[in-house]
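Subject: A structure for you to look at

Hello,

Here is the structure I promised to pass on. Please open it first, and then read my notes alongside it.

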Amino acid sequence: MTNLPISLACWNYDRTQALADGRVRPDGIDLNLQTLEVEETFFRMLRHREFDAAEMSMSSYCVTLSRPDPAFIAIPVFPSRLFRHSCIFVSAQSGIEKPADLVGKRIGVPEYQMTAPVWIRGILSDEYGVDPTSVTYFTGGEEQPGRDEKVKLDLPEKFKLQSIGREKTLSRMLADGEIDALHTARTPSTFYSEPDKVRRLFPDFVAVEQDYYRRSGIFPIMHLVAIRREVYEKNRWVARSLQKAFEAAQAKVYEELLVTASLKTMLPWQIAAVEEAIELLGKDWWPYGFGPNRDIIDTFLRYHHEQGLSARRLQPEELFAEECFESFTI
């Protein structure tokens, strides 16, 4: 029998490298893996459903679940996770010194529904009392003009959004003081080019994020892997096959990052960073699968609903193919 050809779009992560170079092959699948920037992957999958499976913004995926005929079904594989305290930037002209100062301010965000800002708004609300309805959000391109929301939104009126139009960029507006702060996934270019005008809200973000993890147990999930629903319905075994392959590829990275004979990365203190991660987050510090991540996903879904992005509070079990909740035992 011939294998099923499956196209997969994903960025070039260390944890997917073994899938890209063929060291790990999904059972029964001939994988056509296309390495793309995440913004391109999301745009092409959400707008045109170009791939059989793809890395996808968790927030965008949750928005699609409210549609009458949801286009995708996910597996509990999380290629991207990131603590986002480091991704709150403020203008030097804003007078913002602490999180509470954000209330009433003009805050840029490339897309309101992006996963990173959902986490940022939720954490700011839970930890610092910054209500998402207490600010005005300015949406548009961060570095290039003309960016739109990838998925259509229907937000309650209490959330205040304004488009910056098709000529300005959020990065430039932040440096010029036209917006007071920026919630984003990518560091704005003006943070590096004009450090006297743009700074982080949390300069000591590593310590802040580690403290947040110790108290909450949350290592925020940004992206999951989504399969076009018609592909899944025709071959339901594909979900589990892809999950197993992603897990096998990730396992190789866990092993390689602890090798001291020759460093896997160009980070001089790689081993110290890995040992620190293990001490704080455990040996499986980047867990795949549903069980270890249920509480994290549930917190995100609460934020998603509170911020007007989902009409009802989704449950974590609704996000994933049913084949991925259990495995065989011997």
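The expected span of a helix is 1.5 Å times one less than its number of residues. Please keep in mind throughout that this is a predicted model.

With that yardstick, start at helix α4, residues 115-128. This helix has 14 residues and reaches 19 Å from its first C-alpha to its last, close to the 20 Å expected. Is α4 mostly covered or mostly uncovered? It is mostly covered, since 10 of its 14 residues are buried. The buried residues include W119, R121 and G122, along with T115 and A116. Just after α4 comes G129, where phi is positive at about 75°.

Next, look at what α4 lies across: the strands β5, β6 (106-109), β7 (136-139) and β9 (181-183). Relative to β9, the helix runs at about 120°.

Those strands take us to an open sheet of 6 strands with mixed pairing, in the order β8-β7-β6-β9-β5-β10. The edges are formed by β8 (160-163) and β10 (198-200), each with a single partner strand, so one side of each has no neighbour in the sheet. On average, neighbouring strands here are turned by 30° against each other, direction ignored.

Within this sheet, β5 (residues 88-91) is a good strand to follow. β5 pairs with β10 in the antiparallel sense over 3 bridges, and 3 bridges also join β5 to β9, again running antiparallel. Which residues partner V90 on the two sides? In β9 the bridge partner is A181, while in β10 the bridge partner is R199. Also between β5 and β10, S91 stands opposite V198. Both faces of β5 are covered: I88 and V90 are buried on one side, and F89 and S91 are buried on the other.

Now move to another strand, β3, which covers residues 53-57. How many of its 5 residues are buried? The count is 5 of the 5, so β3 is largely enclosed by the rest of the structure. A53, E55 and S57 are buried on one face, with A54 and M56 buried on the other.

β3 has pairings of both senses to look at. With β1 (residues 4-10), β3 pairs in the parallel sense over 2 bridges, and L8 stands opposite A53 there. With β11 (residues 221-228), the pairing is antiparallel over 5 bridges. L224 in β11 is the bridge partner of M56.

A little before β3, have a look at R49, in the loop between α2 (38-48) and β3. Most residues other than glycine have a negative phi. R49 has a positive phi, near 50°. Its relative accessible area is 43%, so R49 counts as partly exposed.

Finally, there is a helix pair to find. Two packed helices are described by the angle between their axes and the distance between the axes. For α7 (residues 205-216) and α10 (residues 270-281), the angle is about 30° and the axes are 11 Å apart. Angles under 35 degrees count as roughly parallel, and α7 and α10 are therefore roughly parallel to each other. Q210, Y213 and R214 of α7 make the contact with E276, L280 and L281 of α10. By class, that contact has 3 nonpolar, 1 polar and 2 charged residues.

Enjoy looking around, and write back with any questions.

Best wishes

Conventions
Residues numbered from 1 in each chain as written. Predicted model: local features only at pLDDT ≥ 70, side-chain atom pairs only at ≥ 80, totals over all residues. Heavy atoms only, no water. Axes fitted to C-alpha atoms, helices over the stretch in contact; angles between N-to-C directions. Helix = DSSP H or I, 4+ residues; strand = E, 2+ residues; numbered from the N terminus. Parallel < 35°, antiparallel > 145°, perpendicular 65-115°, else oblique. Contact = heavy atoms within 4.5 Å. Nonpolar A, V, L, I, M, F, W, Y, C, P; charged D, E, K, R; others polar. Buried < 20%, exposed > 50% of the residue type's maximum accessible area, 1.4 Å probe, protein only. Pairing = 2+ DSSP bridges.
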